[in-house]
Amino acid sequence: MVPEIIAEVQITYSSKVKACDRFRVTGSKDAATAFRSIWPSYEHIEFIYMLMLNRQNQVLGCHQISKGGMTGTVVDVRVVFQVALKSCATSILLGHNHPSGNLDPSDADKKITRQLKEAGALLEIPVIDHLILTEAGFLSMADEGLL
């Protein structure tokens with residue numbers, strides 16, 4: 001007998017975007033374009049977002065992982081892959097901003113990227129890039145050999 005106090009968990013993903021209309025990411029410039037289309041602000045607050053992709057590198061959707069302060073934000077690896085699994089993503093892209101305008105990745109940026117890459121490899125959902133965005137430009141960790 002199952003106790004009545006156990007909650008039922010529902011997992012859903014829905015999209016109103018037709019497959020033929022989805023934005024396709026073919027490189028870091030496309031990834032930056034996609035992130036810029038959803039980015040709320042580059043000043044004062046650090047955000048991290050993810051894009052979930054299908055096998056054709058088409059964007060299934062976006063999700064704000066966290067909103068932090070002026071000098072950082074927290075990333076929970078479990079939350080990232082919870083969202084990736086719910087959306088049936090076959091790969092993900094990450095992007096965060098540096099309110100300072102500095103495009104250099106911090107040690108913390110490199111550490112979380114390594115952790116996410118390792119978790120993605122285990123789940124067969126690769127992290128294909130992690131971008132740092134500023135109002136003036138972007139840095140691709142994949143292009144820089146940091147991924």
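Two strands pair if DSSP finds at least two bridges between them. With that in hand, welcome to this predicted model; a good place to start is strand β1.

**Strand β1 and its partners**

Strand β1 covers residues 47–53, and seven of its seven residues are buried, so the rest of the structure largely encloses this strand. Its side chains go two ways: F47, Y49, L51 and L53 point to one side, while I48, M50 and M52 point to the other, and all of them are buried.

Two strands pair with β1, and the table sets them next to each other.

| Partner of β1 | Residues | Bridges to β1 | Direction | 
|---|---|---|
| β2 | 59–67 | seven | antiparallel |
| β3 | 91–97 | six | antiparallel |

Individual residues can be followed across these pairings. L53 of β1 has V59 as its bridge partner in β2, and I48 of β1 has H96 as its bridge partner in β3. Between β1 and β2 the chain forms a hairpin with five residues between the strands, where N57 takes a positive phi near 60°.

**A charged pair**

How many salt bridges does a search of the whole structure find? The search turns up one. It is made by the side chains of D76 and R78, with 3.1 Å from N to O. Side chains of opposite charge can pair when their charged atoms come close. As for accessibility, D76 counts as partly exposed because its relative accessibility is 28%, whereas R78, at 65%, counts as exposed. The residues of β1, by contrast, are buried, seven out of seven.

How values were computed:
Residues numbered from 1 in each chain as written. Predicted model: local features only at pLDDT ≥ 70, side-chain atom pairs only at ≥ 80, totals over all residues. Heavy atoms only, no water. Salt bridge = Lys/Arg side-chain N within 4 Å of Asp/Glu carboxyl O. Buried < 20%, exposed > 50% of the residue type's maximum accessible area, 1.4 Å probe, protein only. Helix = DSSP H or I, 4+ residues; strand = E, 2+ residues; numbered from the N terminus.
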